[in-house]
Amino acid sequence: MEINDLINFATMIFFHPYGGGGILSGFLHPLLGLDHLLAMLSVGILSAQIGGRALWTVPATFVGIMAIGALLGIFGIALPFVEYGITFSVLVLGIAILLGNKIPEWGALIVVAFFALFHGNAHGTEIPEITNTIGLLIAYILGFLFATAGLHVVGALIGLLARRSDRGPQLMRIGGLAIALIGVFLISNV
């Protein structure tokens, strides 16, 4: 294998030039859709509000179940009402943030697992359309998993910073209300 072959392979994996596949394409997907972006940040914020083990169990559950949802989509098993599941996740997670730390960890795990299936399935059903090699498929999956985990971390940092502030819990509830209202808007436009 020559150096040009390695460069071409790396270019294909990290940024497929034809608008599909690659790690960058997968990474950008959760960042460029308002519904995905708000849901991922909300999972992180909620995990920080609950605190303790939830700080890592809630986001890890989301990422793990999202990967399962993606695999279902890759293998042609499309969940019904995926767009509604994604948009409802914004509404429900916004309400959960609005409620503050009144949600138990086990309840948050169930909610995020349920909605993660829809988010993952949306990614998975799009994968066959945009990838043409196993390398692009793996790169795309890694891209959206890393972006999702990164958004969870950002959300958790927002939540942790808010917990340190006297007005933080109030600001988080206002933010939760705003996210829930955006969720209503998104649902009405599905």
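How much accessible surface does the protein chain have, and what share of that surface belongs to carbon and sulfur atoms? Some notes on that and other points follow.

1. Surface first. The accessible surface of the chain is about 9,700 Å², and carbon and sulfur atoms account for 73% of that area. Keep in mind while reading that this is a predicted model, and that the figures here are computed from it.

2. Overall make-up. The secondary structure amounts to 8 helices and 0 strands, so to speak a plain α-α-α-α-α-α-α-α when read from the N terminus. The chain has 190 residues, and 47% of them are buried. On contacts: taking those between residues at least 6 apart in sequence, 83% link residues at least 24 apart.

3. The largest pocket. Its space comes to about 160 Å³. The lining is made of Gln49, Gly100, Asn101, Gly159, Ala162, Arg163, Pro169, Met172 and Arg173. Two elements, α7 (134-164) and α8 (168-188), each give two or more residues to that lining. If you sort the lining residues by character, you get 3 nonpolar, 4 polar and 2 charged. Gly counts as polar in that split, in case the polar number looks odd to you.

4. Helix α2. Residues 22-32 form this helix, and its buried residues are Gly22, Gly26 and Pro30. They sit on the same side of α2, because the arc they cover around the axis is only 135 degrees.

5. Tyr140 and its partner across the sequence. Tyr140 belongs to helix α7. Is Tyr140 buried or exposed? Its relative accessibility is 2%, so Tyr140 counts as buried. Now go back to Gly26, one of the buried residues of α2: the C-alpha atoms of Tyr140 and Gly26 are 4.2 Å apart, although 114 residues separate the two along the chain. I'd pull that pair up in the viewer.

6. Thr57 in α4. Helix α4 covers residues 54-74, and Thr57 is in it. Thr57 has 8% relative accessibility and therefore counts as buried, the cut-off being under 20%. Which residues does Thr57 touch, once neighbours within four places in sequence are set aside? Those contacts are with Glu105 and Leu109. Helix α6 runs over residues 105-130.

7. Ile110, also in α6. Ile110 is placed in that helix, and with 54% relative accessibility it counts as exposed. Measuring tape from C-alpha to C-alpha, Ile110 and Thr61 are 9.0 Å apart in space, with their positions 49 residues apart in sequence.

8. The loop between α4 and α5, part one: Phe81. This residue is in the loop that leads from α4 to α5 (82-98). Most residues other than glycine have a negative phi. Phe81 has a positive one, near 60 degrees, and is not a glycine. Its relative accessible area is 62%, so Phe81 is exposed. If you check backbone angles by eye, this residue is a place to look.

9. The same loop, part two: Ala78. Ala78 is also found between α4 and α5. At 53% relative accessibility, Ala78 is classed as exposed, since the cut-off is over 50%. Apart from neighbours within four places in sequence, Ala78 is in contact with Asn121 and Thr125. There is also a C-alpha to C-alpha distance of 8.6 Å between Ala78 and Gly124, which are 46 residues apart in sequence.

10. Glu83 in α5. Glu83 is a residue of helix α5. How accessible is Glu83? The value is 41%, so Glu83 counts as partly exposed. Neighbours within four places in sequence aside, Glu83 is in contact with Asp35 and Val190. The C-alpha atoms of Glu83 and Phe118 are separated by 7.7 Å, and the two residues are 35 apart along the chain.

Technical notes: Residues are numbered from 1 along each chain as its sequence is written. This is a predicted model: local features need pLDDT of at least 70, side-chain atom pairs count only at pLDDT 80 or more; totals for chains, interfaces and linings use all residues. Side-chain values use heavy atoms; hydrogens and water are left out. On a 1 Å grid over the protein atoms alone, a cavity is a set of points where a 1.4 Å probe fits but cannot get out, and a pocket is an open set with protein on both sides within 12 Å along at least five of seven lines; lining residues have an atom within 4 Å of a point. Grid points are joined across faces, edges and corners, and a volume is the space filled by probe spheres set on the points. Helices (H or I, at least four residues) and strands (E, at least two) are DSSP runs, numbered from the N terminus. Buried means under 20% relative accessible area, exposed over 50%, partly exposed in between (1.4 Å probe, protein chains only). The arc is that of the directions from the helix axis to the C-beta atoms. Contact means heavy atoms within 4.5 Å. Accessible areas come from the Shrake-Rupley method with a 1.4 Å probe; for residues, only the protein chains shown count as cover.
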